[in-house]
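Notebook open, viewer loaded. I want to look up a handful of things and jot down what I find.

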Amino acid sequence: MGPTRKPNVCHRLSRRALGSFSRDAGVVQRTNLGILRALVCQESTKFKNVWITHSKSPIAYERGRIYFDNYRCCISSVASEPRKLYEMPKCSKSEKIEDALLWECPVGEVLPNQSDYKSSLIALTAHNWLLRISATTGKVLEKIYLASYCKFRYLSWDTPQEVIAVKSAQNKASAAARQAGIQQPVLLYLAVFRVLPFSLVGILEINKKIFGNVTDATLSHGILIVMYSSGLVRLYSFQTITEQFMQQKLDLGCACRWGGTTGTVGEAPFGIPCNIKITDPPPLLFEVSSLENAFQIGGHPWHYIITPNKKKQKGVFHICALKDNSLNENLFTVTASGRVVKKNFHLLDDDPEQETFKIVDYEDELDLLSVVAVTQIDAEGKAHLDFHCNEYGTLLKSIPLVESWDVTYSHEVYFDRDLVLHIEQKPNRVFSCYVYQMVCDTGEEEETINRSH
């Protein structure tokens, strides 16, 4: 078990006021987070439910901001009570935002515009526009028209905060084509951009004639990951693919002639042609078999996480070295967000007859492991969020959640510094959001604030 000596917050604050730290700015930040960690975990600190709201559209959370109505409405959760930051004008169904990523200003780079130093929401609309929106005002700062030859639907980071991948929906052959035995060779498209200022890397097609009977593909950390129904996962270098198979380099805002048509790259109706077409199988970097294509890669040195390709192994994760496929024998917990947390997981064993663990995550700034445990009593479940010391596994604090927890619903729980947020999806697309704020215990019970969005 870990040490029992508790940190003295007053002593830390006194040392900070006297400047008793290294000149390294990171030391001050780590000290501040250490003070916050001590405040979060002390017995007298409570997390009180301060806000409840419901919505007929999905609710998203990102770094202190809650998004409603397909990202059209933004609520700040940083204040003692959530408050509206902005609400964008109503739009047609074709203009709604399908997916979005929060971009934050990189450190140490000189940017072209003053507004570039503030956070932005990179958003993808239903009619194939890629937008950069001010995260504080909702004003559209940049817009790019992607294409008309496919339906783009998903956004993800290739390199976090630097390179994004925009993935299309998968092409489906019509019923008549399937009946005639005609197959659609192109499964999907991937559009890749560097952000701020936006610059195009290229648009790549994933073709079954090249990759075989592929079922999905994505881009991560410069690696093209291709998946098959058998559980096989194959990895390719995206840089090598662009160098070998880019037909023509395209620049946003520049005139272009493509297929007998002339237009401006990134403007409607011309958009961006698919300029990376693979004509031969690219060099294979690596392949592995995993249940349901569950595969993540990262770390230093490089490791990958898979689930052995057997149904009875569902829920089991293997962490292997990329260089030689050797299984890492150290004990790890793999969190819902994909982080790997070194821990003695036997300290967190659940008891299915009493309570079960539903969500495990890691708050990296406070170095705390958060675990949602649910106790089922007849038809109703009650949940609590537990904070464990990441180094020793010691239970430091337990926070009861006031709302009932139905294990058949979809749940997301975020622990972000002094905030706990629970998003629940009920049947018939009813979404609920519960916000908890860290408060000092005054010894008086306050009523929960209920509001409907």
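Below are my entries, going from the whole chain down to single residues.

**Ground rules**

I am working with a predicted model, where local features need pLDDT of at least 70, side-chain atom pairs count only at pLDDT 80 or more, and totals for chains, interfaces and linings use all residues. Residues are numbered from 1 along each chain as its sequence is written, and side-chain values use heavy atoms, with hydrogens and water left out.

**Whole chain**

I started with the inventory: the protein chain has five helices and 31 strands. Both are DSSP runs numbered from the N terminus, helices being H or I with at least four residues and strands being E with at least two.

Next I looked up burial, and 44% of the 453 residues in the protein chain count as buried. Buried means under 20% relative accessible area, exposed means over 50%, and partly exposed is in between (1.4 Å probe, protein chains only).

The accessible surface of the chain is about 24500 Å², and carbon and sulfur atoms hold 50% of that. These areas come from the Shrake-Rupley method with a 1.4 Å probe, and for residues only the protein chains shown count as cover.

Contacts were next (heavy atoms within 4.5 Å). Of those between residues at least 6 apart in sequence, 47% join residues at least 24 apart.

**A four-stranded sheet**

I traced an open, antiparallel sheet with its strands in the order β2-β3-β4-β5. Strands count as paired if DSSP finds at least two bridges between them. β2 (60–62) and β5 (83–87) are the edges; each has a single partner strand, so one side of each lacks a neighbour in the sheet.

In the middle I checked β3 (residues 65–68) against β4 (residues 73–76), and four bridges hold this antiparallel pair. One of my lookups was Y67, whose bridge partner in β4 is C74.

**I225**

Is I225 buried or exposed? I225 is buried, because its relative accessibility is 7%. I found I225 in strand β15 (residues 223–228). Skipping residues up to four places away in sequence, I225 touches several others, including D216, V233, L235 and F295. I also checked Q296: 71 residues separate I225 and Q296 along the chain, yet their C-alpha atoms are 9.8 Å apart.

**The β29–β30 hairpin and E424**

β29 and β30 run antiparallel and share seven bridges. Two residues sit between the strands of this hairpin, and R417 has a positive phi near 60 degrees. β29 (residues 410–416) is two-faced: H411, V413 and F415 are on the covered face, while S410, E412, Y414 and D416 are on the uncovered one. I followed V413 across to its bridge partner in β30, H422.

Also in β30 (residues 419–426) is E424, which is buried at 2% relative accessible area. What does the side chain of E424 meet in a polar contact? The side chain of Y434, at 3.4 Å. A polar contact is a pair of N or O atoms within 3.5 Å; within protein, one must be able to donate a hydrogen and the other to accept it, and residues adjacent in sequence count only if both atoms are side-chain atoms. Leaving out neighbours within four places in sequence, the contacts of E424 include D406, H411 and F431.

**Cysteines**

A disulfide is a covalent bond between the sulfur atoms of two cysteines. My search used sulfur pairs within 2.5 Å as the cut-off, and the whole structure gave zero disulfides. Why not C254? The closest cysteine sulfur, in C256, is 9.4 Å from that of C254, too far for a bond. C254 is partly exposed at 37% relative accessible area, whereas C320 is buried at 6%.
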